[in-house]
Amino acid sequence: MKTTRRRFLYAPLLLAGPRALAQQASSGLTFRGLEHNREPGFVVPEGYRLNLVIGWGDPLTAGAPSFDVNAQNGAAQSVQFGYNCDHLGYFPLPSGSDNSSRGLLVVNHESSGTGLMFFSYVTATPTRDQVDAGLASVGLSVVEVERTPNGWVYVQGSQFNRRVTGETVIEISGPAAGADWMKTSYDPAGTRVRGSWTNCAGGKTPWGTALSGEEGFTGYFGNLSQLPPGELRDLHTRYGMTAGATGRRWENYYSRFDIPREPNEGFRFGWVVELDPYDPSSPPKKRTALGRVKHEGAACRVAQDGRVAVYTGDDQAFERVYKFVTSRPWNPNNRAANRDLLDEGTLYVARFNEDGTGDWLPLIWGYGPLAPSRGFRNQADVLIHARLAADALGATRMDRPEDIEANPVTGKVYINCTSNTGRTASGPNGTDRANPRANNRHGHIIELVEAGDNSAATEFRWSIFMLCGKPNVREDQPTYYGGYDMSKVTPISTPDNLAFDNLGNMWIATDGMRSTGTFGVNDAVVACPVEGPERGYARMFCSVPPGAEPTGPEFTPDNETLFVSVQHPGEGGTLGGTVVSNWPGNSEPPRASVVAITKAAGAGERRIGS
Ligand code: FEO
Ligand code: CA
Ligand code: CA
Ligand code: CA
């Protein structure tokens, strides 16, 4: 009798029997959803298996030192897996294949730690080793991973393994390269920058490179209040640069983090970085054509004529949703021809009209108010000060747009607006139809359909797909789950990262359910069909340990494995002080790590951690 070894995370479409075929109008999701919980470990449903792939401090290169919390410095950390893993991109090996058992993970490291990264940490006076370890702990990792009978493992010493840190030289490319605002004492030409950090969500291009969004970069540049009043100070204020000392005090040792001493350095952050994981010698590039905002991520979708759209949210309360469209189609037959495709194109910002239509407003110098009379002298000004350009164009101010993804089956685009408690019922910060709830503590998800299903379109239609919160809690009303019977859903809050499986089901990673202001339970990855009779039927697939948020959910091409980053487990505690979690071990420190979830052949272990 013919048997199959494939173990999908949902009922596989192609292997469906008559009964399953009858269910194909539904989602194919078969797992038994979890309940909200405060479990100490990482929890997956019955029948699924979890294994740790790699965690903070694990050695990447052949000679890298093993993790030692008491021996941290820049040199060690720069050859080890970084801190606070976020976005995950799986790139099959070899390049161009759909191999789902061997590939490269490109991992964002959103932030360094302070009191949860080091023992004996003094906020105002970190040591040089602590600062250097922090600088080396951010950015990206590329790491080869392989599926074995015992689960997924990473390959130490792989020729592909590399780190991009806060010190890696990165090219600045596109229209803002060489602009006056981009010039510093280190880089008088304005074309090379040291480092990338606050790498949050990201994306993958059709030609097999990784995109990484630089998000909350302003927290790393300090002492803005010491700048004299004027244009420069206003420009940095609009992005929220730190008025006094920063939380990490990198400025104690390096002048580039001290705004009065190096006032233009901050303009060199807030970009989307492109990295080719298949070529370890290739320089990462900051693609300035995509604009400078607090990029949550960068999700690609190919338009009908082969041009590539990149959707990106500016994650701050009342900021906007953007889309970049390349000038040229991508070339599926010549990878090298796509190398600098992202340097030419049009950046748009979204206006969500009250009647359910929407417009992509172009950020083109000379268009409408984007002119010298409003302070824009050239296209570089428009891109470097993209928030000001969006202000001038009247783009819709959203409730913290985080991850955006296009459904690979339907082409519809989904936008996670994670929350905005500053939204008011009326006034300048008042509700609108796209951000319909005052004190929006649970967030919502918008469904966007491009005109003609064309990602290069300049018009769209939109509607609310989900208003998060508990359907039975009066303060959360109104709630809405795609029209599904809300008594059957697992309520969610604060949708952050997004992924889709091959059947077009949405997988949502929450960041804030742990807050006492929302549910006070562990954050989770929630699966939710978006079409058919189960549209809006949200069910919890896995939950992360206390203090953590799940980030970067990413499937292998065959959907047999779901990778999840566990970011900042134990947040709220300090080493040697309050313990919130020591996951994945039983003693300090907790370590942000990547896990792989697969369908278990047998019973399988359900949890990691104490
Ligand atoms: Fe880095 Fe918006 O989460
Ligand atoms: Ca995020
Ligand atoms: Ca995503
Ligand atoms: Ca987050």
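The buried residues of helix α6 pack against quite a list of neighbours: α4 (231–239), β16 (321–329), β17 (345–352), β18 (357–362) and α5 (379–384). Keep in mind that you're looking at a predicted model. Besides this helix, let's look at two calcium sites and a pair of cysteines.

**Helix α6**

- This helix spans residues 386–393, and it is mostly covered, with six of its eight residues buried.
- Who are the buried ones in α6? They are Ala-386, Arg-387, Ala-389, Ala-390, Ala-392 and Leu-393.
- Here's some background: an α-helix has 3.6 residues a turn, so residues three or four places apart point the same way.
- Right after α6 comes Gly-394, and its phi is positive, near 75 degrees.

**The calcium ion (ligand 3)**

- Three residues coordinate this ion: Asp-403 through OD, Glu-405 through OE and Leu-498 through O, at 2.3 to 2.4 Å.
- Along the sequence, the spacing of these donor residues reads D-x1-E-x92-L.
- Asp-403 sits in strand β19 (residues 401–406) while Leu-498 sits in strand β24 (residues 495–500), so this pair ties together parts that are 95 residues apart in sequence.
- Are Asp-403 and Leu-498 buried or exposed? Both Asp-403 and Leu-498 are buried.

**The calcium ion (ligand 4)**

- The protein donors here come from Asp-496 (OD), Asp-511 (OD) and Glu-549, with Glu-549 listed twice (OE and OE), and they lie 2.3 to 3.0 Å from the ion.
- If you walk along the chain, the donors of the calcium ion (ligand 4) follow the pattern D-x14-D-x37-E.
- Distant parts of the chain get linked here: Asp-511 belongs to the loop between β25 (506–510) and β26 (524–528), whereas Glu-549 is in strand β28 (residues 549–555), 38 residues apart from it.
- Glu-549 has 5% relative accessibility, so it counts as buried, the cut-off being under 20%.
- This ion has company: the calcium ion (ligand 2) is 3.3 Å from the calcium ion (ligand 4), and Asp-496 coordinates both.

**Cysteines**

- How many disulfides does the structure hold? Zero.
- As a reminder, a disulfide is a covalent bond between the sulfur atoms of two cysteines.
- Take Cys-300, which is in no disulfide: the nearest cysteine sulfur belongs to Cys-200 and is 16 Å away. To count as a disulfide, the two sulfur atoms would have to be within 2.5 Å.
- Cys-200 counts as buried because its relative accessibility is 4%.

Technical notes
Residues numbered from 1 in each chain as written. Chains lettered and ligands numbered in written order. Predicted model: local features only at pLDDT ≥ 70, side-chain atom pairs only at ≥ 80, totals over all residues. Heavy atoms only, no water. Donors = N, O, S within 2.8 Å, 3.2 Å for Na, K, Ca; no water. Helix = DSSP H or I, 4+ residues; strand = E, 2+ residues; numbered from the N terminus. Buried < 20%, exposed > 50% of the residue type's maximum accessible area, 1.4 Å probe, protein only. Contact = heavy atoms within 4.5 Å.
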